[in-house]
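The following paragraphs examine how aromatic side chains and one helix are arranged in the structure below. Please keep the sequence and the model in view while reading.

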Amino acid sequence: MRTKDFAILLICISFSQLLSAQDDALTLRYSRPAAIWTDALPVGNGRMGAMVYGGVAVDEIQLNEATFWAGGPHRNDNPAALEALPEVRRLVFDGKNMEAQQLINRKFLSGRNGMPFCTLGSLLIERPKADATEIRDYHRCLNIGDAVATTEWTEAGTDYRTEVIASLPTGVIALHLTASKPHSLTFCLRFNSPLPTFTTTGENNRLVSRAEGMEHEGVSAALNMEMQVEARQRDGKQVLTDSTLTITDATEATIYIAAATNFVSYNDVSASAHARTEEMLDVAARQSWKKLLRKHREMYHRYFDRVSLRLDGTAQQIANSKSLDTDLRVKRFAEHADSLTCADPGLLSLLFNYGRYLLISSSQPGGQAANLQGLWNKDTKPIWDSKYTININTQMNYWPAEVCNLSELAEPLFRLIRDISQTGQQTARDMYGAQGWCAHHNTDIWRTTGMVDGAFWGAWPNGGAWLTTHLWEHYQFTGDRTFLAEAYPIMRGAVDFYRSFMVPHPQYGWLVTCPSVSPEHGPGGEFSGSASVVAGPTMDTEIVRDVATQTLLAAQQLGVDNDYQDSLRLFLNQLPPLHIGQYGQLQEWLEDADNPDDHHRHVSHLYGLYPSAQISASHTPEAWKACRVTLNQRGDEATGWSIGWKLNLWARLLDGNHAYKLVRSLMHLLPSDEQRNDNPEGRLYPNLFDAHPPFQIDGNFGFTAGIAEMLLQSHEGYIRLLPALPTALPSGCVKGLRARGGFEVDIEWSEGKLVRASIRSNLGRECRLYVPRNQALRVLDAKGRPVGITQENDIICFRSKPSQCFIIQPQP
């Protein structure tokens with residue numbers, strides 16, 4: 001073979017391997033239909049969600065609509081709390097914590113713990129002529145690069161294919177069915193639903209279903225929903241009845257599914273579900289499948305293509321993963337994983353990308369925020385109601401939004417925060433006699449803000465305040481002053497609650513929250529029968545310090561409220577400091593009560609390390625070291641979402657190899673909830689949904705944020721490149737991550753070292769870049785010319801202009 005031909009062959013082989021690696025990082029694939037819900041594949045557009053089973057004789061498309069919840073507008077405050085509050089505080093400060101907790105249970109709860117997010121039901125596609133004995137070459141997949149779920153097989157010499165999308169531009173679910181031989185498609189569509197009032201009729205060439213919402217905890221149903229299905233086929237005929245829509249002898253067919261409710265806002269249910277559904281379907285059904293798919297892909301790619309991650313593997317690793325179903329890849333990863341090598345780097349890229357896909361699919365501007373299950377739920381009364389748990393889980397849903405270049409997808413969260421800043425004013429006033437606003441540890445579509453679930457878990461009025469930190473984070477990444485001006489009154493209201501709620505500790509003199517808890521935990525443990533209710537747990541103080549500091553900085557940025565700024569400085573000086581306990585750990589409570597053998601899933605007192613920036617290697621080294629002690633005491637094994645949090649925490653501790661241990665902890669297959677006792681380490685379902693267990697989507701988002709945090713950090717006031725790169729991932733490339741200050745960053749590395757980075761300045765601010773002491777970097781402009789820099793210890797600084805790009809390279 002000539003040298004030139006050999007070189008061309010090597011290039012072709014390398015390109016083929018690259019394409020295979022990209023496919024492995026963008027495709028979930030399976031060789032059998034889904035047997036249960038956590039086998040099915042999710043599609044969504046922020047308004048409607050669907051789980052695609054990929055059946056042959058009977059296929060199921062389980063459906064959700066983001067505003068279909070039980071109940072209706074209501075409140076869940078208990079005004080009796082205000083009268084009992086002084087006695088509760090007296091009991092806490094006298095050391096009678098259990099008596100205080102029991103009094104809270106009697107006086108603070110309303111009996112309304114939140115309304116569940118409900119399924120609509122399923123569309124069934126029945127193929128009466130299907131012959132299981134003739135099925136060959138079955139495949140189903142979810143291509144998260146295009147947001148298309150595909151099922152295909154061969155039956156008696158005919159190739160069948162079904163594609164499913166959740167159309168982002170139109171809001172409908174659409175299916176496209178084809179057969180390789182003319183007139184070979186025959187199927188029947190019917191609805192199935194667990195909703196008690198569910199009915200189906202045939203109207204105007206469409207199959208139409210309707211149902212009322214559900215009463216829950218004494219709150220009457222205020223919502224109703226409507227679904228409509230229209231099918232258009234090439235060849236064959238169509239017959240509609242009041243329960244079915246049947247197509248026979250077609251060659252090709254497109255099915256359009258639309259759904260809507262009468263929900264307008266938490267206090268307005270005056271819309272027409274019928275008018276909304278009909279309008280949506282009218283728009284979608286006028287488009288051919290080709291046009292619908294093209295526009296969907298175009299809109300999806302505007303989000304998804306902003307970021308890419310390539311983790312390099314060997315040709316053998318790529319070949320091994322290419323031949324395996326995705327769930328088997330997870331199983332194989334766990335069997336072959338060790339601390340120094342990665343058996344399937346493409347699987348980690350896939351799971352990272354999957355988190356971005358799920359956020360794009362479940363949280364769109366103008367829609368509802370992603371809930372505990374994102375947008376996907378098969379039940380009328382799901383576990384934990386599939387609502388918004390705001391003592392970690394909802395926040396974790398949006399950790400990837402800014403750093404993974406999906407800022408606008410946090411808009412539904414910002415509207416949720418705005419809503420509860422309004423409903424939470426009455427909670428603050430009626431339950432605590434306080435100014436401003438507050439929310440406890442759960443809310444729902446009705447934006448309730450009262451205490452739920454019992455004092456041990458629910459006596460925590462800090463969920464709303466934690467959420468407001470996302471407003472400041474958004475400003476740090478985007479520099480959007482208009483947004484900050486709109487967010488400022490919400491942030492100020494959260495601080496005003498604390499300024500009027502917190503009281504001096506009779507022993508220490510600091511201002512403390514009382515009553516409160518460290519989320520879902522107590523000094524004696526969660527199920528020990530002891531009390532969790534205390535004064536001034538560490539997480540509370542960290543949240544208060546963040547909210548007050550961020551509000552102060554916002555006022556300075558906006559040039560407003562000078563006297564108020566002075567009052568915030570005084571307030572901040574009265575907060576307790578962080579405490580390091582007898583074991584060298586960061587204390588979870590004011591008292592040194594931590595148990596070194598405690599492995600509780602919540603590590604709430606490490607909020608200051610992540611997602612906050614209060615604790616860092618450069619600014620608070622002793623507390624930073626204490627966080628490492630705490631994490632080692634708590635251990636690595638945990639629920640799925642807790643593993644996601646710990647992954648981010650170890651990244652902030654700049655320990656890539658330990659962060660990778662958390663990656664490995666997550667990579668254990670749980671075939672189903674019924675098999676959890678046989679698979680106690682299982683943390684991923686076959687469809688890569690995160691397993692608490694059961695399913696909670698926050699772990700997926702926590703993983704994606706954690707991988708980004710291992711590769712890029714900017715919370716200390718400067719950019720760190722590859723701050724927590726593990727030995728197991730020596731080579732790769734990431735593009736499009738965002739850093740605070742309005743910077744967009746690409747990084748390439750090989751053999752564990754930086755090869756090249758590019759930094760694009762969107763706001764024209766000074767760029768501050770950390771340089772490790774054993775490494776020298778040079779900064780070039782886009783034309784390769786050296787850029788003038790200044791250096792402050794380990795930080796190099798250089799000026800930028802909007803849209804200016806810089807190249808960062810190691811000194812030769």
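**Aromatic contacts and a buried helix side**

Phe 263 is buried, its relative accessible area being 6%. The model that yields this value is a predicted one. Trp 446 is likewise buried, at 1% relative accessibility. The two rings form an edge-to-face aromatic pair, with 5.6 Å from centre to centre and 65° between the planes. Phe 263 belongs to the loop between strand 16 (252-261) and helix 4 (273-285), and Trp 446 to the loop between strand 19 (442-443) and helix 12 (455-458); the pair therefore ties together parts that are 183 residues apart in sequence.

A second pair is formed by Tyr 300 and Phe 304, which is stacked because the ring centres are 5.3 Å apart and the planes meet at 15°. Both residues lie in helix 5 (residues 289-304), 4 residues apart, or about one turn of the helix. An α-helix has 3.6 residues a turn, so residues three or four places apart point the same way. Tyr 300 is buried at 1% relative accessible area, and Phe 304 is buried at 4%.

The count of aromatic pairs comes to 27. Ring pairs also link Phe 108, Tyr 432, Phe 497, Tyr 498 and Phe 501 into a cluster. Charged side chains meet rings as well: Arg 492 lies over the face of Tyr 564, at 3.6 Å from the ring centre, and Arg 720 lies over the face of Tyr 770, at 4.1 Å from the ring centre.

In helix 7 (residues 326-336), the buried residues include Thr 326, Asp 327, Arg 329, Val 330 and Phe 333. They lie on the same side of helix 7 because they cover an arc of only 160° around the axis.

Key: Residues numbered from 1 in each chain as written. Predicted model: local features only at pLDDT ≥ 70, side-chain atom pairs only at ≥ 80, totals over all residues. Heavy atoms only, no water. Buried < 20%, exposed > 50% of the residue type's maximum accessible area, 1.4 Å probe, protein only. Helix = DSSP H or I, 4+ residues; strand = E, 2+ residues; numbered from the N terminus. Arc of directions from axis to C-beta. Phe/Tyr/Trp six-rings, centres within 6.5 Å; stacked < 30°, edge-to-face > 60°. Lys NZ or Arg CZ within 6 Å of the ring centre and 35° of its normal.
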